[in-house]
Amino acid sequence: MGEHIHEPRPHDQRPQPARRDRLIQEHVHDPYKRAAKLSDPMVCPQCGAVYHHGRWSWGLPAVDAVKEVCQACHRANDLYPAGTVTLSGGFLGSHRDEILAAVHHQERLEKDEHPLHRIIGIEHRDGDVVVTTTDVHLPRRIGEALHHAYAGDLDFHYDKDAYYVRVAWRRD
């Protein structure tokens, strides 16, 4: 029989603790995300987004596509945003049109790739502008784009118990 020789491991090859982030479960529930599998193919009769092979995209629907309102249109119809961006400060007053054009530009860029990421509405409240969205990614994108282009203060707040984000951008 052969002899088994055990060689000591160098310090950089010590066993690493097991990674526990591989099975991260969604702990924040989005009430508009369907638990049941969607019919495939499907088309939203309101916006025309097409669900095929497990994802929403833009394109021509299949002839046999089931018609059902997508979660973004459902949120917009209910006026139940997943995100809010509040724009404020003196700089906003003198650059409102330019800033709103940047907001709409970010929506177009995001929506081209992700049809469910959209602006629900834009309201003017006491000198501030409040943008509501159908998802939590678009508000961050808008805030970061404004901060990159115009500086100012940027703050994010993700709700721990809900699918919701508040973004605040301010420049005086």
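Which residue just after H1 takes a positive phi? Leu79 does, with a phi of about 55°. This model is predicted, and the views below show this site and others.

**View 1. The whole chain combines four helices and nine strands.** From start to end, the order is β-β-β-β-α-β-α-α-β-β-α-β-β. The chain has 172 residues, and 33% of them are buried. Take the contacts between residues at least 6 apart in sequence: 57% of these join residues at least 24 apart. The exposed surface of the chain comes to about 11700 Å². Carbon and sulfur atoms supply 51% of that area.

**View 2. Helix H1 packs its buried residues against strand E6.** H1 covers residues 71–78. Gln71, Ala72, Cys73 and Arg75 are buried in this helix. Their packing partner, E6, spans 119–125. An α-helix has 3.6 residues a turn, so residues three or four places apart point the same way. Leu79, with its positive phi, follows just after H1.

**View 3. Phe91, Tyr150 and Trp169 form an aromatic cluster.** Ring pairs link these three residues. Across the whole structure, a search finds four aromatic pairs. A pair of aromatic rings is described by two things: the distance of the centres and the angle of the planes.

**View 4. Arg171 lies over the face of Phe91.** The distance to the ring centre is 3.8 Å. Phe91 also belongs to the cluster with Tyr150 and Trp169.

**View 5. Arg140 lies over the face of Phe156.** Here the distance to the ring centre is 4.1 Å.

Terms used:
Residues numbered from 1 in each chain as written. Predicted model: local features only at pLDDT ≥ 70, side-chain atom pairs only at ≥ 80, totals over all residues. Heavy atoms only, no water. Helix = DSSP H or I, 4+ residues; strand = E, 2+ residues; numbered from the N terminus. Buried < 20%, exposed > 50% of the residue type's maximum accessible area, 1.4 Å probe, protein only. Contact = heavy atoms within 4.5 Å. Areas by Shrake-Rupley, 256 points an atom, 1.4 Å probe, with all protein chains shown as cover. Phe/Tyr/Trp six-rings, centres within 6.5 Å; stacked < 30°, edge-to-face > 60°. Lys NZ or Arg CZ within 6 Å of the ring centre and 35° of its normal.
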